Amino acid sequence: MDSTLEQHHKVGGGFLRRLNFGTAAVSGLAFGFVAWALSHHFLDDASQGFADQVTVLTGCGWVVGFLFGIGALTGLGKWFTGRDQSHADEMYLAGKDLGRKRYFQYTTDHKVVGVQYIIATMVLLGAGGILAMGIRTNLLTPGNHFVNQQVYNGFLGVHGMLMILGLIVAVAGPWANFILPIQVGARDMAFPRLNALSLWTLIAAIPLLLGSLAIGAMDMGWVTQGPISDQAGIGFDLFAMSIITFTISTTVAGVNTICTVLTMRTKGMTMERLPIFAWASIFAAGLGLYAFPFFLVVMALNLADRMVGTSFFVASGGGTGWLQENLFWLMGHPEVYVILLPAVGAILEIASVFSRKPLFSYRTVIGGMAGLCGLSALVWAHHMFTTGWAPTLGGPFMLTTELISIPTGVIFLVLLGTIWRGNIWMKMPMIWVFGFIVNFIVGGITGIYLSDIPVDNQMHGTMFVVAHFHYVFVGSVLFGAIGALFYWFPKVSGRFIDETMGRISFWLVFIGTHVTFISMFVSGLRGMSRRYSSYAMIFEHTNFITTIGAYLIMSGMLVLLGAVVTSWRSGEPSGPNPWGGKSLEWMVPTPVPLENFEVLPVVTSDPYTYGEAKS
Amino acid sequence: MNDLKTTSHHEAPELVDHRQRLGIWLFIAGDLITTGALMFTYLYLRAVNTNGNWMAITGLPANGRSAEEVQGVLDAGGSMQHIIEAPLSAGFAWILALVMVASAAVFWFGESRLRADEAGRQAFVKFSTIAGLAVVAFIVLSIVQLRQVPQYWRVEHDSSLWIYTTYGSCMLALGVSAVIHALILAFLAFGSATRAAVGVITHDRWFQVRLIRYFWVWVAFSTVLFTFVVTTLNAN
């Protein structure tokens, strides 16, 4: 008996050895069921908020149970009782010698967490994409009833939020976890257990969001417009719960990212030698720390209105929808840059490596990112130009919104300056960079139109706005994310993503993007409102074309998925540094060892010394 | 929540300390935005006073009564009233703030004793436990205060519902936020006491205590700030 205990202690892990994704799911369901049963037993079923109270408590049960079942809460218990984890426990948690099992467990190794984020991102974007196909199929012809209007509304809201969450983590999740610590010369993230916590909290949020579709309609879109949100079905409760859970996840992840870069850099890795992706990651994380608490608060207050009869957003009780809009857009606009900046960082890395040129004007682009972050906190009311809120502030908000094009333009010029007269190597990562350049300029310039109040008064709430932000999110962020996937995939898997399939997917997605969203611009310019499930005959042709374009995008994404899956299993081996990169992630072997570096490196130059003597 | 001894990779203690201090400051910054959003909500709703409903409402007071009871009053001929709500007791709110500040002070004092000498560990166990108990008292008093927020039974068109004024709504949100913070503090206080009792926190391994103190002082500060705002800027 004693020797068995000793053996266990030596191996480490303890109770955690029994836990994995399966136990988490079972535990989540069990806790959720218990919460459901208890709330039915103890709550007043005559209360007008009864159904919402039961739904929220069930959702809470699911989250707590899921985190308990994966082992995320055992650290708290151990801390409370003064039984800290041994070195063997830490090694077990890091996934040492666990093989593929570690991808299904509460593993703290940042590389495992990075891969888990890749899968989570695929699930989020895949589910959001399927809903997008449902929406577009419904809009293929006027009066089409592929889904009924209630379901259509649910599709719209959940599609929007799945895509937003998916894009928030699309670059920052996989690559700020897998690559960033290696880039700065660290052995892991600053807080490995919190790193795993942020990942599994995100995973706990996904079923809530998807579940919201199954249990009730959401009629207010992803912006959860108050007071309509007060009247929505109980699906809204799970929707709000998923966002609250997600904000906790991103806050934890943001703190971890910033601490990793600021406190774990290896010797010689000064701030001026940081890879630009590291800069972009800490700007995005810092901006997220500012923005997402507003998201949490607006959702919590929405739930309070529904559950207990508070009057935050309901005018009949003294509340106001303007408050909801202010709180939401205080988050909503910075969030665009939380999504965009990591993709921009990855794009700039790729541009330098594949142009064989130093990053053009390194300090300027850092200034541009800082400017974006600062100004993004001062533009939220441009989303409310047509609502009647504080008309006298329209001018100042128009000005700040137009000013934000300056740092954006600076970043764009730095990207062009990096590529200019470079020795361009047209491999897949770089092809996606060129796609990004084309799309980003369309998304950016149409944003300047919309910042202008007279234009916004005409275009607000039309498909023109939808096309604009899809050019930013799909055309820019998604292209950046896919470019990053092609660029860093060899470091993750030791293999290239298939080049031929990659090119097919690029052209399908690139052409599809323009077919979809240019025709959507035309629909908007002709006056078609967004969120309509049916439309007049004059919008028939443009909507038909948009739907065809959407199917092209989906086809391209399926080809990409096929390329990733087959390449992961049997792609061409890449070696440790297939692109000739100079940042630290390319200096370590592939697969990357558990603690990344046998001996921590000493950095003597920046990672962009291409074309310089002795580089 | 790594301790120096168990930190992997054998990093220098000052590096771990630096990292964790930055981490807690960033969490506090996030919490500051959250509480700032709640404060913004309070001030915004008070400023706009939609339909004059900041502290007034038409309905029947429903605290402690079931839906059927209140509806029964209406069915028996009782009429809806236009009620001007009184703000919650300022004295009680300041007592709550005082309890929170006192708990922070006790914990801080315990920390200083811990850092002073070897014998300070036992003193820390005592003071951390007292601070935790003070926070529990804060939670109980907060719940008492939350139960004082008036709720009204209101008939609207063909439906009846419970409702809070916007002032009451804000007080509920702020109160629940305070309770959540206090629950975290109670966990940290009793956890610290346990850790000190079993010898994980000692005279020369106290840096986690300092991190907790940062958070505690922030919560005490925000409690005082909220109390000042809600007891001074609350008129209709």
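Student: How do I judge the span of helix α14 (residues 362-376) of chain A, and what does that helix reach from its first C-alpha to its last?

Tutor: Helices here (H or I, at least four residues) and strands (E, at least two) are DSSP runs, numbered from the N terminus. The expected span of a helix is 1.5 Å times one less than its number of residues. With its 15 residues, α14 of chain A reaches 21 Å, close to the 21 Å expected. Bear in mind that this is a predicted model, where local features need pLDDT of at least 70, side-chain atom pairs count only at pLDDT 80 or more, and totals for chains, interfaces and linings use all residues. As for names, residues are numbered from 1 along each chain as its sequence is written, while chains are lettered from A and ligands numbered from 1 in the order in which they are written.

Student: Which residues of α14(A) are buried?

Tutor: First the general idea: an α-helix has 3.6 residues a turn, so residues three or four places apart point the same way. A residue counts as buried if 20 or more other C-beta atoms lie within 10 Å of its own, exposed if 12 or fewer, and partly exposed in between, with C-beta atoms placed from the backbone. In α14(A) the buried set is Y362(A), V365(A), G368(A), M369(A), L372(A), C373(A), L375(A) and S376(A).

Student: And what do the buried residues of α14(A) pack against?

Tutor: For contact, the C-beta atoms of two residues, placed from the backbone, must lie within 7 Å. The partners are α12, α13, α15 (394-403) and α16 (405-419) of chain A.

Student: Chain B has a helix I could try too. What is buried in α3(B)?

Tutor: Among the buried residues there are A93(B), L96(B), A97(B), M100(B), F107(B) and L114(B). They sit in a helix of 27 residues (90-116) that should span 39 Å, and its end C-alpha atoms are 39 Å apart, which agrees. Packing against the buried residues of α3(B) are α4 (120-147), α5 (166-197) and α6 (207-232) of chain B.

Student: Back to chain A as a whole. How many helices and strands does chain A have?

Tutor: There are 21 helices and zero strands. For overall shape, use the radius of gyration, taken over C-alpha atoms, and the globule rule, 2.2 Å times the number of residues to the power 0.38. Chain A comes out at 24 Å, close to the 25 Å that the rule gives for 615 residues, so it is as compact as a globular protein of that length. Its C-alpha trace spans about 70 × 65 × 45 Å along the principal axes, and buried residues make up 59% of the chain.

Student: Which residues touch the most other members of the largest nonpolar core?

Tutor: Think of a nonpolar core as a set of buried Ala, Val, Leu, Ile, Met, Phe, Trp, Tyr and Cys residues joined through C-beta atoms within 7 Å. The largest one has 258 residues, and W200(A), I347(A) and V477(A) touch the most other members. α12(A) gives the most to this core, with 25 residues. Take V477(A): not counting residues up to four places away in sequence, it touches L167(A), A170(A), I339(A), L340(A), A343(A) and V472(A).

Student: How is chain A divided into domains?

Tutor: Domain bounds come from an automatic or database domain assignment. That gives domain 1 (17-76) and domain 2 (111-586), with 30 Å between their centres, taken over C-alpha atoms. The contact takes 16 residues from each of domain 1 and domain 2 of chain A. On the domain 1 side, helix α3 (residues 50-70) of chain A gives the most, with 11 residues.

Student: Where chain A meets chain B, how many residues does each chain put in?

Tutor: It's 43 from chain A and 45 from chain B. On chain A's side, α12(A) has the largest share, eight residues. To read the make-up, count Ala, Val, Leu, Ile, Met, Phe, Trp, Tyr, Cys and Pro as nonpolar, Asp, Glu, Lys and Arg as charged, and the others, Gly among them, as polar. That side of chain A then has 22 nonpolar, 17 polar and four charged residues.

Student: One last residue: is E325(A) buried or exposed?

Tutor: Buried, because it has 22 other C-beta atoms within 10 Å. E325(A) lies in helix α13 of chain A and, leaving out residues up to four places away in sequence, touches M384(A), T387(A) and W389(A). With T387(A), the C-alpha atoms are 9.4 Å apart across 62 residues of sequence.
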